[in-house]
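Have the sequence and the 3D view open side by side for these exercises. Try each task yourself before you read its solution.

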Amino acid sequence: MAAFRFSLPLLLSLLCIHPFTEILVNSYEEDPTTKTMEDFSGYPIHEPPLPSNSLSVNKESSLSVNKESLQKQIDELSTFSDSPAPSVTRILYSEKDVMARRFVKNLMGLSGLSVREDAVGNIFGRWEGYEPELAAVLSGSHVDAIPYSGKYDGVVGVLGAIEAINVLKRSGFKPKKSLEVIMFTSEEPTRFGISCLGSRLLAGSEALVKALKQTVDNHNISFLDAARSAGYAKDQEDLTSVFLEEDSYSAFVELHIEQGPILEEESISIGIVTAIAAPASIKVEFKGNGGHAGAVLMPNRNDAGLAAAELALAVEKHVLDSGSIDTVGTVGIMELHPGAINSIPSKAHLQIDTRDIDESRRNIVIDKIRQSASTISENRGVQLSEFEIVNQDPPALSEDSVIKAMESASKELNLTHKKMISRAYHDSLFMARKSPMGMIFIPCYKGYSHKPEEYSSIEDIANGVRVLALTLAKLSLS
Ligand SMILES: [Zn+2]
């Protein structure tokens, strides 16, 4: 009994919690009918290639996804949530996040992957190739979820990548370059206001390492304390250990729900992402004199709220003036202080999001917003007390070689597909700075995301997993 009491926590900490550990949980039993490399690469290696028809039929039947088990995993992961089903809330380093991490590491282990974690909890699972010194091929996404969101965003790309490995193992595939699955830390900005925290660090952001030393959440808990409470950032404050070395990966592929309506509307199974739009976000604050809503006459006012309202309309105008459907701008936050019906707003705080696939066009919009903010503050006699560009990221282009692999995988699996742009951004945007990148989209119900109604059918998910599996196989052998 005593032995049990002591050994269970020890076992859990070995299996689940301790970072930087490499664990080989179980080694996979090989399928005796090992496939030839040609089946997967599409290129002849030892023998002439099979006729293309038999190749497709072969792939279609051999790359089979265990849909029932994948759906069960998605459902189970959704129960690690701080809000009631069907919504999902999973915030970075919360108890539920730690449970979800344990769940993912366990699945990686069951698939025979060796698991390691970095100082902020990016989780890697590696299937060693027969030429392990070559840069590996990486696939994955995130499992954190903003408050009251759904169970597919990110999750499909993590559990789907693990299942893609299972698919390849069942088919008897042997990777040349190692294949790795990653679960990124904190794609969503919920807790610390920083999106794609894990992948930005992997991409080598010195600015972020510096910022994280001062970053606190709403409860004044520091990033480092939060990370430590989840078992990370133990021995070091220096998070540069997370940075990826150059050429660590030969390719990165992320499977994701589209979060838009196009694939569903057009009944297309697979979206092949060629570019990710460049996001930027801006914080603005105006300060006026405030005053009594009855007593202060109109000519004597410096209404910070009206300055904010005018700037919001200016954002819309500048975005529309770009003349491109790809330029978008949103004022998602507009807060007035003191927020009373009979008080002239003395302070207004806005947060503006603007994106484009063309970086210079988006930067022109940002400049115009800045000019408008200062003109409005002069005209209205309010102070422009803050204009901060929080982030201004470049767009990312998918690499041709990865696009080709995704395209031919879709073709060989007889799945309808189209090239498209990702207007939402993902960890892929940052991984593209360190590795050739590509993304696979699958349809989702009405394009819903970040709400409980988010849904993708298991058939669509399985199609995505098969395309991912075949893409990884091709990239591994290329
Ligand atoms: Zn996502």
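The exercises below work through confidence, two helices, a strand and some backbone details of this predicted model.

**Exercise 1. Find which residues have pLDDT under 50, and how the chain scores as a whole.**

Step 1: Begin with the whole chain, where the mean pLDDT is 89 and 87% of the residues reach 70 or more.
Step 2: Now turn to residues 1–57, where pLDDT stays under 50. The model has 68 contacts beyond four places in sequence for this stretch.
Step 3: Keep a general caution in mind: where pLDDT is low, the predicted coordinates should not be read in detail.

**Exercise 2. Check the length of helix α12 and work out how its buried residues are arranged around the axis.**

Step 1: Helix α12 covers residues 359–380, which is 22 residues. At 1.5 Å a residue the expected span is 32 Å, and the end C-alpha atoms are 32 Å apart, so the two agree.
Step 2: List the buried residues of α12: Arg362, Val365, Ile369, Ala373, Ile376 and Ser377.
Step 3: Look down the axis of α12; these buried residues fall within an arc of 105°, so they line one face of the helix. The general rule helps here: an α-helix has 3.6 residues a turn, so residues three or four places apart point the same way.
Step 4: Now take the other side of α12, where Ser360, Asp367, Gln371, Ser374, Glu378 and Asn379 are exposed.
Step 5: Ask what the buried residues of α12 pack against. Their partners are the helix α11 (304–321) and the strands β10 (278–287), β11 (328–337), β12 (347–356) and β13 (383–392).
Step 6: Finish just past the helix, at Gly381, which has a positive phi near 65°.

**Exercise 3. Decide whether Glu359 is buried, exposed or partly exposed, and name its contacts.**

Step 1: Glu359 belongs to helix α12.
Step 2: Count its C-beta neighbours inside 10 Å: there are 15, so Glu359 is partly exposed.
Step 3: Setting aside neighbours within four places in sequence, Glu359 contacts Ala278, Pro394 and Pro395.
Step 4: Compare sequence with space: Glu359 and Ala280 are 79 residues apart along the chain, with their C-alpha atoms 9.8 Å apart.

**Exercise 4. Describe how β12 is paired and how far it is enclosed.**

Step 1: β12 runs antiparallel to β10, and ten bridges join them. In this pairing Ile282 stands opposite Ile352.
Step 2: β12 also pairs with β11, again in the antiparallel sense, over nine bridges. Here Val331 stands opposite Ile352.
Step 3: Seven of the ten residues of β12 are buried, so the strand is largely enclosed by the rest of the structure.

**Exercise 5. Work out how enclosed helix α6 is.**

Step 1: Helix α6 spans residues 155–171, and its end C-alpha atoms are 24 Å apart, in agreement with the expected 24 Å.
Step 2: Of its 17 residues, 16 are buried, so α6 is largely enclosed by the rest of the structure.
Step 3: Just after α6 comes Gly172, with a positive phi of about 90°.

**Exercise 6. Locate the backbone features at Pro86, Pro338, Ser186 and Ser267.**

Step 1: Ala85 and Pro86 are joined by a cis peptide bond, with omega about 5°. Pro86 sits in the loop between α4 (67–78) and β2 (88–90).
Step 2: A cis peptide bond also joins His337 and Pro338, and Pro338 lies in the loop between β11 and β12.
Step 3: Ser186 is not a glycine, yet its phi is positive, about 50°. With 27 C-beta neighbours inside 10 Å, Ser186 counts as buried.
Step 4: Ser267 has a positive phi near 50°. With 8 C-beta neighbours inside 10 Å, Ser267 counts as exposed.

Terms used:
Residues numbered from 1 in each chain as written. Predicted model: local features only at pLDDT ≥ 70, side-chain atom pairs only at ≥ 80, totals over all residues. pLDDT = per-residue confidence, 0-100. Contact = placed C-beta atoms within 7 Å. Helix = DSSP H or I, 4+ residues; strand = E, 2+ residues; numbered from the N terminus. Expected span 1.5 Å × (residues − 1). Buried ≥ 20, exposed ≤ 12 C-beta atoms within 10 Å, placed from the backbone. Arc of directions from axis to C-beta. Pairing = 2+ DSSP bridges.
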